[in-house]
Amino acid sequence: MISFKVDNLKNMNSELKAFVEFLRVAGASDDDIFAGKLVSCELITNVIRHGGDEAEFTGTINGDRIIITVAAESLGGVDLCGSVPDVFAESGRGLYIVRSFCREIERCGCEVRAVIERK
């Protein structure tokens with residue numbers, strides 16, 4: 001398992017390097033690493049934009065699943081796990097991307113948990 005905090009979107013990619021390395025060492029395929037990083041970026045971005053100053057990230061591998069959890073002090077009324085928006089919508093494309101890669105995504109309080117099936 002790997003955990004870290006992101007307090008600035010400019011620092012997000014440097015923080016995610018450790019997650020990418022964690023996946024690589026665990027034997028994840030290039031496709032799984034791409035999906036894991038992409039989903040992580042979208043969730044962290046949404047949590048910081050809609051939830052406040054800091055996102056708490058946790059990533060782990062459990063058998064054939066990559067589990068990503070992103071939390072904040074508050075997510076307000078933003079539904080980060082709602083229905084899939086239209087691909088041509090002006091907003092919500094990040095959620096569309098996340099839904100495309102994840103087996104499941106759920107919100108529990110101020111935490112969003114996404115599960116990616118490994119290939």
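K37 picks up contacts with N13, L16 and V20 once its neighbours within four places in sequence are set aside. In this predicted model, K37 sits in helix α2 and is partly exposed, its relative accessible area coming out at 32%. L23 is 14 residues away from K37 in sequence, and the C-alpha to C-alpha distance between the two is 9.6 Å.

Those contacts of K37 belong to a wider helix pairing. From α1, the residues taking part are M12, N13, L16, F19, V20, L23 and R24, and they meet D30, D32, I33, G36, K37, S40, C41, I44 and T45 of α2. Sorted by class, the residues of this α1 and α2 contact come to eight nonpolar, four polar and four charged. As for geometry, packed helices are generally described by the angle between their axes and the distance between the axes. Here, the axes of α1 (residues 12-25) and α2 come within 10 Å and cross at roughly 150°, and the crossing is right-handed. Helix α1 also holds A18, which counts as partly exposed because its relative accessibility is 37%. Between A18 and F4 there are 9.2 Å, C-alpha to C-alpha, for a sequence separation of 14 residues.

Helix α2 has a second partner in α3. The two pack at an angle of about 145°, their axes 9 Å apart, and α2 passes α3 in a left-handed crossing. On the α2 side, the contact is made by F34, A35, L38, V39, E42 and L43, while α3 brings in G94, I97, V98 and F101. The class count for this contact is eight nonpolar residues, one polar and one charged.

Which residues of α3 are buried? In this helix, which spans residues 93-101, they are G94, L95 and V98. The three cover an arc of only 95° around the axis, so they end up on the same side of α3. The general background is that an α-helix has 3.6 residues a turn, so residues three or four places apart point the same way. As for what lies over the buried residues of α3, the cover includes α2 (30-51) and β4 (104-108).

Back on α2, another residue to look at is H50. With a relative accessibility of 41%, H50 counts as partly exposed, since that class runs between 20% and 50%. H50 and A72 are 22 residues apart along the chain, and their C-alpha atoms are separated by 9.4 Å.

Moving to the strands, is T69 of β3 buried or exposed? T69, which lies in β3 (residues 65-71), has a relative accessible area of 14% and is therefore buried, the cut-off being under 20%. Apart from neighbours within four places in sequence, T69 is in contact with E56, F57, T58, E111, V112 and R113. Of those, E56, F57 and T58 fall in the range of strand β2 (55-62).

D64 is found in the loop that links β2 (55-62) to β3. A relative accessible area of 43% makes D64 partly exposed. Leaving out residues up to four places away in sequence, D64 touches I116, E117 and R118. A28 is 36 residues from D64 along the chain, with 9.6 Å between their C-alpha atoms.

Zooming out, the chain has three helices and five strands, arranged along the sequence as β-α-α-β-β-α-β-β. Of its 119 residues, 40% are buried. Among contacts with a separation of 6 or more, 63% link residues 24 or more positions apart. The chain exposes about 6600 Å², and carbon and sulfur atoms supply 47% of that area.

How values were computed. Residues numbered from 1 in each chain as written. Predicted model: local features only at pLDDT ≥ 70, side-chain atom pairs only at ≥ 80, totals over all residues. Heavy atoms only, no water. Helix = DSSP H or I, 4+ residues; strand = E, 2+ residues; numbered from the N terminus. Buried < 20%, exposed > 50% of the residue type's maximum accessible area, 1.4 Å probe, protein only. Contact = heavy atoms within 4.5 Å. Areas by Shrake-Rupley, 256 points an atom, 1.4 Å probe, with all protein chains shown as cover. Arc of directions from axis to C-beta. Axes fitted to C-alpha atoms, helices over the stretch in contact; angles between N-to-C directions. Left-handed = near helix turned anticlockwise from the far one by under 90°. Nonpolar A, V, L, I, M, F, W, Y, C, P; charged D, E, K, R; others polar.
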